[in-house]
Amino acid sequence: MKTLQQKNDEHSKLIAKERHSALYLALSLFPLFVIFGYDFYQGLVGAESLGFHPALVVIGTLLFGLPFLAIGQMLILPSWLKLTLYVFIQILFASLWFLDGLLWLAIIPLIVIFGILQYQLPEIRKSVEKNENAT
């Protein structure tokens with residue numbers, strides 16, 4: 001009975017991780033929604049749109065969002081803090097790059113997160129080794 005309960009608990013944890021991953025992936029696409037929504041709104045009001053090519057918007061969003069997503073998942077932080085920071089940085093990225101045209105400033109949070117990852121890398125390796133030894 002205990003082993004069945006342990007398997008159920010492990011399965012519940014895996015499902016929760018999958019839900020979190022799906023949420024983060026949807027948040028990775030946030031700049032797409034902002035830019036295309038803004039252009040759509042500007043088209044409705046008759047004002048000039050931003051003028052970015054849709055392929056540039058998609059590629060730029062993926063080149064920022066996916067590495068940030070991968071790095072962010074490895075960080076040792078509480079999940080609520082990861083989610084809050086991820087939403088804040090995605091909003092910052094969308095506003096700085098697409099709305100203000102400051103690409104160099106929009107990339108700085110990615111560099112900071114990479115620096116935090118390098119700082120936490122020894123602890124991450126220890127936890128991975130511990131998990132591998134436990135199975």
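At what angle do the axes of helix α2 and helix α4 cross, and within what distance do they come? In this predicted model, the axes of α2 (residues 30–45) and α4 (residues 79–99) cross at roughly 45° and come within 9 Å. That makes the pair oblique. The handedness of the α2 and α4 crossing is right-handed. On the α2 side, the residues in play are Phe30, Pro31, Val34, Ile35 and Tyr38, and they meet Gln90, Ile91, Phe93, Ala94, Phe98 and Leu99 from α4. Sorted by class, this contact comes out at 10 nonpolar residues, one polar and no charged.

Helix α4 also has α1 (2–28) to deal with. Here the axes come within 10 Å and cross at roughly 15°. Since angles under 35 degrees count as roughly parallel, α1 is roughly parallel to α4. The crossing of α1 and α4 is left-handed, whereas that of α2 and α4 is right-handed. From α1, the contact takes in His20, Leu23, Tyr24, Leu27 and Ser28; from α4, it takes in Ser79, Lys82, Leu83, Tyr86, Val87 and Gln90. The class tally for α1 with α4 is six nonpolar, four polar and one charged.

The third pairing is that of α1 with α2. Their axes come within 4 Å, with a crossing of roughly 35°. Ala26, Leu27 and Ser28 do the touching for α1, while Phe30, Pro31 and Phe33 do it for α2. Five of the residues in this contact are nonpolar and one is polar, with no charged ones.

Glutamine 90 turns up in two of these contacts. It is a residue of helix α4, and it is listed both where α2 meets α4 and where α1 meets α4. Is glutamine 90 buried or exposed? With a relative accessible area of 2%, glutamine 90 counts as buried, because the cut-off for buried is under 20%. Leaving out residues up to four places away in sequence, glutamine 90 touches Leu27, Ser28, Phe30, Pro31, Phe64 and Gly65. Of these neighbours, Leu27 and Ser28 belong to the α1 side of the α1 and α4 contact, and Phe30 and Pro31 to the α2 side of the α2 and α4 contact.

Phenylalanine 33 sits in helix α2 and is one of the residues that α2 brings to its contact with α1. Even so, phenylalanine 33 counts as exposed, at 58% relative accessibility. Its C-alpha atom is separated by 9.6 Å from that of alanine 94, with the two positions 61 residues apart along the chain counted as their separation.

Next comes the nonpolar core. The largest one has 21 residues, and those touching the most other members are Phe68, Tyr86, Phe93, Phe98 and Ile113. Elements giving two or more residues to this core are α1, α2, α3 (54–74), α4 and α6 (108–134). Which element gives the most? That is α4, with six residues. Some of the best-connected members are already familiar from the helix contacts: Tyr86 appears where α4 meets α1, and Phe93 and Phe98 appear where α4 meets α2. As for isoleucine 113, its contacts are Phe68, Ile71, Leu75 and Ile89, again not counting residues up to four places away in sequence.

Helix α6 offers a few more positions to look at. Glutamine 120 lies in this helix and is buried, at a relative accessible area of 11%. Apart from residues up to four places away in sequence, glutamine 120 touches Leu75, Ile76 and Leu77. Leu75 is also touched by isoleucine 113. Isoleucine 111, likewise placed in α6, is exposed at 56% relative accessibility. From isoleucine 111 to phenylalanine 68, the C-alpha to C-alpha distance is 9.4 Å, for a separation of 43 residues in sequence. Phenylalanine 68 is itself among the core residues that touch the most other members.

Finally, isoleucine 107 is found in the loop between α5 (103–106) and α6. At 28% relative accessibility, isoleucine 107 counts as partly exposed. The C-alpha atoms of isoleucine 107 and leucine 75 are 18 Å apart, and the two residues are 32 residues apart along the chain.

Conventions. Residues are numbered from 1 along each chain as its sequence is written. This is a predicted model: local features need pLDDT of at least 70, side-chain atom pairs count only at pLDDT 80 or more; totals for chains, interfaces and linings use all residues. Side-chain values use heavy atoms; hydrogens and water are left out. Axes are lines fitted to C-alpha atoms, for helices over the stretch in contact, and angles run from 0 to 180 degrees between N-to-C directions. Angles under 35 degrees count as roughly parallel, over 145 as roughly antiparallel, 65 to 115 as roughly perpendicular and the rest as oblique. A crossing is left-handed if the near helix is turned anticlockwise from the far one by less than a right angle, and right-handed if clockwise. Contact means heavy atoms within 4.5 Å. Ala, Val, Leu, Ile, Met, Phe, Trp, Tyr, Cys and Pro count as nonpolar, Asp, Glu, Lys and Arg as charged, and the others, Gly among them, as polar. A nonpolar core is a set of buried Ala, Val, Leu, Ile, Met, Phe, Trp, Tyr and Cys residues joined through side-chain atoms within 4.5 Å. Buried means under 20% relative accessible area, exposed over 50%, partly exposed in between (1.4 Å probe, protein chains only).
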